[in-house]
Amino acid sequence: MKITNKIVDEKAKELGFNLVGFAEASTLDSETQYLEHWLSKGFQSNMSYMERNLDKRKNVKEILPSAKSVISLGLNYYVEGKHSNDSAKGKVSRYAWGKDYHYVIWEKLDQLISELKSIDETFEAKSYVDTGPVMDKAWAVRSGLGWQGKHSNIINPQIGSWFFIATIITNYKFQINNIITDHCGKCTACIDACPTNAIVEPYVVDANRCISYLTIENKGDIPNEFTGKFEGWVFGCDICQEVCPWNTKFSTETKLIEFIEGENREIELQSVSDLTNSQFKKKYVSSPIYRAKAKGLKRNAEFLLEDNL
Ligand code: SF4
Ligand code: SF4
């Protein structure tokens, strides 16, 4: 039996994915040019992995030679609720309130791919979640999941931007989706709200200035120029997404218990300073916060505590 778009869409949605789109596995020429320009400005900061494997990023056939289509999937993680604005506590980015999304999505992808293979054993697939040399946002745009907003996240007109993206490269030829055109219009809410001026021009984020990068991927100190500008964020930052009208109007709560039951909305700053490495591991090993390591989280907490003095 042949696998159709409808079959993939239905099976993915049964597994909890909210968005499913299909693109032709052609080369990402303009997107790679843009990436090279962004890298040439040093906007990747110390994320040197982004400079590697440009050939694979540009051409998915370098990953899967038989590739004919790319499937992009979106998984809504939005959970209602606000931070307390208690300065003794640090805010955690919404995507990290619950279980590490990699585990949640890997399991769903494995199941989806094995169900598709059981329909047609010739179905080949390589899947990625936020790792590997795949331009997931570019594929999400090409697959019709949404447009890339001026804050650089993908916005879907039905659910906004609070969703994770997974990518499947496959040897199957699917019907492709139409691209959703840019609906940012004259809005500049994200650019205006960013406290560190990290959105240096529309659609261009300089990681060196972005709180999300500075509190997660960054391995060094947080530069003094950002003192007083973090607005209480201890892990990640959601400001540009929180102010986006597509989120304030259209986000709806996820149905996934792994995210709804998340306990890490805020972190008591003083308690972080006292955490040993093994306590950190025990507490955060299943959370995206683990990415910052104990050293990074302590650095962030201390940076905010100094602000509070
Ligand atoms: S995540 Fe925060 S710091 Fe980064 S661009 Fe958005 S508002 Fe600015
Ligand atoms: S806040 Fe406005 S400009 Fe920024 S991504 Fe949303 S719609 Fe686009």
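Colleague: How do the residues in the shell around ligand 1 divide by class?

Modeller: Here Ala, Val, Leu, Ile, Met, Phe, Trp, Tyr, Cys and Pro count as nonpolar, Asp, Glu, Lys and Arg as charged, and the others, Gly among them, as polar. The shell around ligand 1 has nine nonpolar, three polar and no charged residues. This is a predicted model, where local features need pLDDT of at least 70 and side-chain atom pairs count only at pLDDT 80 or more, while totals for chains, interfaces and linings use all residues. Residues are numbered from 1 along each chain as its sequence is written, and chains are lettered from A and ligands numbered from 1 in the order in which they are written.

Colleague: Which residues surround ligand 1?

Modeller: A residue is near a molecule if its C-beta atom, placed from the backbone, lies within 6 Å of it. Around ligand 1 you'll find His151, Cys194, Thr196, Ala198, Ile199, Val205, Cys210, Ile211, Ser212, Cys237, Ile239 and Cys240. Helix 7 (211-215) and helix 8 (239-242) each give at least two of them; helices are DSSP runs of H or I with at least four residues, strands are E runs with at least two, and both are numbered from the N terminus.

Colleague: And what lies around ligand 2?

Modeller: Gly149, Lys150, His151, Cys184, Cys187, Thr188, Ala189, Cys190, Val243, Cys244, Pro245 and Trp246. Helix 6 (189-193) and helix 9 (245-250) are the elements that give two or more residues. By class, that shell has eight nonpolar, three polar and one charged.

Colleague: Which domains supply the shell around ligand 2?

Modeller: Domain bounds come from an automatic or database assignment. At least three residues come from each of domain 1 (5-78 + 100-170) and domain 2 (189-308). The domain centres, taken over C-alpha atoms, are 24 Å apart. Between the domains, 25 residues of domain 1 are in contact with 31 of domain 2, contact meaning C-beta atoms, placed from the backbone, within 7 Å. On the domain 1 side, ten are nonpolar, 13 polar and two charged.

Colleague: At what angle do helix 1 and helix 4 pack?

Modeller: Two packed helices are described by the angle between their axes and the distance between the axes. Helix 1 (residues 5-14) and helix 4 (residues 101-119) pack at about 145°, axes 10 Å apart; the axes are lines fitted to C-alpha atoms over the stretch in contact, and angles run from 0 to 180 degrees between N-to-C directions. Ile7, Val8, Lys11 and Ala12 of helix 1 meet Leu112, Glu115, Leu116 and Ile119 of helix 4. That contact has six nonpolar, no polar and two charged residues.

Terms used. Contact = placed C-beta atoms within 7 Å.
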